[in-house]
Amino acid sequence: MRSGHSFRVSRCFLFLQGPHGPFFRQLAAGLTRAGASCRRVAFNRGDRAFWGNASTCERFTGHPDDWPAACADLLDRHKITDLVLYGDTRPIHRIAIKAARNRGLTVHVFEEGYLRPWWVTYERGGANANSPLMSITLDRMRAALESPDAPLVEAPGHWGTLRRHAVYGALYHGLVLSGGAKIPSHRDISVAREMGLHLTRLLKIPVTALNRWVATTRIRRGGFPYHLVLLQLDHDASFRHHSPFPDMHSFLETVIRGFAEGAPPHHHLVFKAHPLEDGRVPVTRLIRTIAEEHGLTDRVHYVTGGKLARLLDTASSAVTVNSTAAQQALWRGIPVKAYGQGVYTRSEFVSDQSTPAFFARPSPPDRSAYAVYRQFLLETSQLPGSFYAAYGRRQLCRNLPDLMLSAADPYARCGAAQPQHLRIVTKN
């Protein structure tokens, strides 16, 4: 590891793939103003277009098998000190992380917020089930917090990013498709199909919103107890890499069968789609078919993506693989059943009951323990802002250069003065 005051050390950041849009370019601009140098690897035309600066962009258009050697060459030739990426499970990122660790480099990992929807996650070394957070005990968190009983930090202003996410996603994949280069991919579908799904989702936003309002209203006015299933994307990294299920069908079958065996006969089961669900997996049809097989057609519901609050506020429990949305349930004191590995899947928070037993009588979380955990995240790895909304990116880029140039890991800084990034912000 390097020593000394990090602001006085020459730093060179290598950016790999990031969120769709200009976030990485704007972050690099902030780091450059702070005295660091930044470079980007472009795997396709979309990466190049959103980076903008051709003089600091290196193209990789070779076969995926060529990437390990090319990555090593980039790290050595440019004397890279820091690696920056979004998501740590993409094949090209896993290879780069291994090479960076072998050289003692700092790996900066971005992810969607663990306390979504108003936050983003910044960690070092890994994210989700690979996060350093997985090895930090609650006792250590309590000791690090100056005031573990302080009031919980409220969410910042609404960022409104779903539409922007769809626009950037469609534009990015359109650029990739137009480039015609053979690139390494972490998806199982073609670039053309991915672009089409983004466009379709964007065009259907008004209809989807109306259907969601109607379905939610019917459930809330139905007068029945219900359990909320927080669905994830079938291609989501956490679902694919940190889950006991090979696919979405297996998860749906486990949940619906367990509900049929254990839930009281007057309870209902509500499946809440991920806000970015694009239909590449026929989730609605699968739910309907499995519910029919178990005689639950009239007690199983499906709600398209959107905000969780209206459904969570009156839910009896929440079920998921390892979605970060479960933290909204824990914050409300709602019992949670989680099947996979995640940063919050601790015995104090999630139930270890069998699926039928959970639906029969779900055990609640330890709310005081979760309050400590949530406060620790807010003082360390969770930053208010957005990858996709312009004012959300500005908020992130105000704070991130100092955080990334600091010698201290985000979790090691806890216990100092109140972090600047906890200040509540609105559109600006």
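This section describes the overall make-up of a predicted model, followed by two of its helices, its aromatic residues and several loop positions.

The secondary structure of the protein consists of 16 helices and 12 strands, and 55% of the 428 residues count as buried. Among contacts in the protein with a separation of 6 or more, 71% are made by residues 24 or more positions apart.

Helix α10, which comprises the 15 residues 248-262, should span 21 Å at 1.5 Å a residue, and the distance of 21 Å between its end C-alpha atoms agrees with this expectation. At the N-terminal end of α10, D247 acts as a cap, with a side-chain oxygen placed 3.3 Å from the backbone nitrogen of H249. The buried residues of α10 are M248, F251, L252, E253, T254, V255, I256, G258, F259 and G262. These buried residues pack against the strands β7 (226-230), β8 (268-272) and β10 (317-320), and also against the helices α9 (237-241), α11 (283-293) and α14 (355-360).

Helix α16, with 16 residues (390-405), has an expected span of 22 Å at 1.5 Å a residue, and its end C-alpha atoms, 23 Å apart, are in agreement with that value. A kink of about 35 degrees is nevertheless present in α16 at N399, shortly before the proline P401. The helix is mostly covered, since 12 of its 16 residues fall under the 20% limit of relative accessible area that defines a buried residue. Both N399 and P401 belong to this buried set, which further contains Y391, G392, R393, Q395, L396, C397, L400, L403, M404 and L405.

One of these residues, L405, is in contact with A36, which also touches R11, F13 and L31 when residues up to four places away in sequence are not counted. A36 itself is placed in the loop between α1 (23-33) and β2 (37-42), where a relative accessible area of 8% classes it as buried. Although A36 and F13 are separated by 23 residues in sequence, their C-alpha atoms are 7.4 Å apart in space.

Aromatic residues form 25 pairs in the model. In the pair of Y370 and Y373, the ring centres are 5.7 Å apart and the planes meet at 35 degrees, so the arrangement is classed as tilted. The two tyrosines are three residues apart in helix α15 (residues 367-378) and are therefore separated by about one helical turn. In general, an α-helix has 3.6 residues a turn, so residues three or four places apart point the same way. Y370 is buried, with a relative accessible area of 2%, and Y373 is likewise buried, with a value of 0%. Elsewhere, F15, F23, F24, W51, Y86, F110, Y122, F387 and Y388 form one aromatic cluster. A ring also takes part in an arrangement with a charged group, as the charged end of K337 sits over the ring of Y339 at 5.3 Å from its centre.

Positive phi values occur at two loop residues that are not glycine, namely K79, with phi near 50 degrees, and N128, with phi of about 55 degrees. K79 lies in the loop between α3 (67-77) and β4 (82-86), whereas N128 is found in the loop between β6 (119-124) and α5 (138-144). With respect to accessibility, K79 is exposed, having a relative accessible area of 65%, while N128 is buried, with a relative accessible area of 12%.

Conventions
Residues numbered from 1 in each chain as written. Predicted model: local features only at pLDDT ≥ 70, side-chain atom pairs only at ≥ 80, totals over all residues. Heavy atoms only, no water. Helix = DSSP H or I, 4+ residues; strand = E, 2+ residues; numbered from the N terminus. Expected span 1.5 Å × (residues − 1). Buried < 20%, exposed > 50% of the residue type's maximum accessible area, 1.4 Å probe, protein only. Contact = heavy atoms within 4.5 Å. Polar contact = N/O pair within 3.5 Å; in protein donor to acceptor, adjacent residues only side chain to side chain. Bend = angle between axes of the 7 residues up to and from the residue. Phe/Tyr/Trp six-rings, centres within 6.5 Å; stacked < 30°, edge-to-face > 60°. Lys NZ or Arg CZ within 6 Å of the ring centre and 35° of its normal.
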